[in-house]
Amino acid sequence: MARVIVDVMLKPEILDPQGQAIARALPRLGFSGVSAVRQGKRFEIELEGPADDAAIADVRKMAETLLANTVIEDYTVRVEA
Amino acid sequence: MSAARVGVVTFPGTLDDQDAARAVRLVGAEAVPLWHADHDLKGVDAVFLPGGFSYGDYLRCGAISRFAPLMEELIPAARAGLPVLGTCNGFQILCEAHLLPGALTRNASLHYVCRDQRVRVESTDTAWTNAFEQGQEITLPVKHGEGRYVASAETLAEIEANGQVVFRYVGGNPNGAMNDIAGIRNEAGNIVGLMPHPEHAVEELVGAPSTDGLGFFTSILKKLVNA
């Protein structure tokens with residue numbers, strides 16, 4: 001059993017109005033020193049077997065096919081220790 | 001000659017299929033219901049992908065619908081030249097399916113926008129807009145929370161250079177779309193997607209802002225009859 005994490009973020013050049021709204025809310029809540037916020041998605045993929053090369057390649061394929069829209073989003077894949 | 005047959009797709013969560021079918025019938029074509037779970041286009045001459053919240057918009061608008069059994073038939077047929085129109089959620093599905101370039105994202109305002117919207121027809125060289133005049137301004141309802149068209153700088157330059165922008169917002173951009181883009185087409189011109197709703201602007205009786213939407217349906221009819 002292993003857990004693989006896929007993080008999906010809007011590409012840097014794509015405007016993220018949700019992140020901007022969060023950034024604007026923070027000072028109102030008393031948090032200072034934040035220059036920007038960008039919001040993304042995190043997927044936790046539970047594998048039935050070990051996170052070997054084949055399994056990771058499969059997760060990459062899932063990310064490429066469904067989890068991210070690579071037209072506007074980037075993704076990263078990592079195994080949770 | 002038998003009537004032109006226009007398929008109208010229903011996914012779980014589709015809202016505008018009945019209006020779309022009604023608009024198809026108003027111009028004298030036959031509306032053929034198509035079901036998302038069927039591997040069957042029923043031999044239709046064109047397909048309308050209506051708006052709504054297919055599969056609850058889970059993950060991203062159109063991200064799940066794109067893999068529906070019906071789409072496995074529709075995607076190759078559209079690539080081979082079958083005329084397809086996607087409005088609102090239908091436009092989002094066409095982008096997720098990579099039948100059209102770019103993507104639709106959360107409105108810049110973060111608000112759902114529902115209003116009558118003026119758009120300018122920028123391309124009449126498509127299966128769905130040949131009844132309009134180049135530069136004509138029409139009024140259609142918009143109603144969406146995720147209609148901000150975005151694309152990479154290269155894609156944007158390419159579709160502008162190719163004349164693939166079909167509609168541009170005028171009198172205010174409702175969602176922050178790049179270059180005020182309201183609708184685009186593929187290079188061949190058989191596939192068109194737009195955020196506004198032509199199927200809601202076909203009858204004065206229901207308080208529609210115009211009957212400008214009829215032009216989409218007379219366009220496809222003209223295209224099919226002359227084909």
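## Pairing, cores and contacts in a predicted model

User: What makes strand β1 of chain A and β3(A) partners?

Analyst: In this predicted model, β1 (residues 2-10) and β3(A) share 7 bridges, running in the antiparallel sense. Two strands count as paired when at least two bridges link them, so these strands qualify. For a place to look, try A:Val6, which stands opposite A:Val77 in β3(A).

User: Why are β2 and β3 of chain A called edge strands?

Analyst: The open sheet has 3 strands in the order β2-β1-β3, with antiparallel pairing. Both β2 (40-47) and β3 (73-79) of chain A pair on one side only, and that is what earns them the label. From one strand to the next, the twist averages 20°.

User: Which order do the elements of chain A follow from the N terminus?

Analyst: They run β-α-β-α-β, giving chain A its 2 helices and 3 strands.

User: How do you know what the radius of gyration of chain A says about a compact globule?

Analyst: Set one value against the other: the globule rule gives a radius near 12 Å for 81 residues, but chain A has 16 Å. The rule is 2.2 Å times the number of residues to the power 0.38, so chain A does not match the value for a compact globule. The box around its C-alpha atoms, taken along the principal axes, is roughly 45 × 30 × 15 Å.

User: What share of the residues in chain A is called buried?

Analyst: It is 12% of the 81 residues. To be buried, a residue needs 20 or more other C-beta atoms within 10 Å of its own.

User: Which residues of the largest nonpolar core touch the most other members?

Analyst: Those are B:Val6, B:Val8, B:Val24, B:Val47 and B:Leu94, in a core of 73 residues. B:Val8 makes a good example: leaving aside residues up to four places away in sequence, its contacts include B:Ala20, B:Val24, B:Leu34 and B:Phe48.

User: Why is the set with A:Val59 and A:Leu67 treated as another core?

Analyst: This set of 6 residues, which also includes A:Ala68 and A:Tyr75, lies apart from the largest core. Core members are joined through C-beta atoms within 7 Å, so a set lying apart is another core.

User: How many residues does each chain bring to the contact?

Analyst: Chain B gives 10 residues and chain A gives 9. On the chain B side that touches chain A, 5 are nonpolar, 2 polar and 3 charged.

Methods. Residues are numbered from 1 along each chain as its sequence is written. Chains are lettered from A and ligands numbered from 1 in the order in which they are written. This is a predicted model: local features need pLDDT of at least 70, side-chain atom pairs count only at pLDDT 80 or more; totals for chains, interfaces and linings use all residues. Helices (H or I, at least four residues) and strands (E, at least two) are DSSP runs, numbered from the N terminus. Axes are lines fitted to C-alpha atoms, for helices over the stretch in contact, and angles run from 0 to 180 degrees between N-to-C directions. Two residues are in contact if their C-beta atoms, placed from the backbone, lie within 7 Å. Ala, Val, Leu, Ile, Met, Phe, Trp, Tyr, Cys and Pro count as nonpolar, Asp, Glu, Lys and Arg as charged, and the others, Gly among them, as polar.
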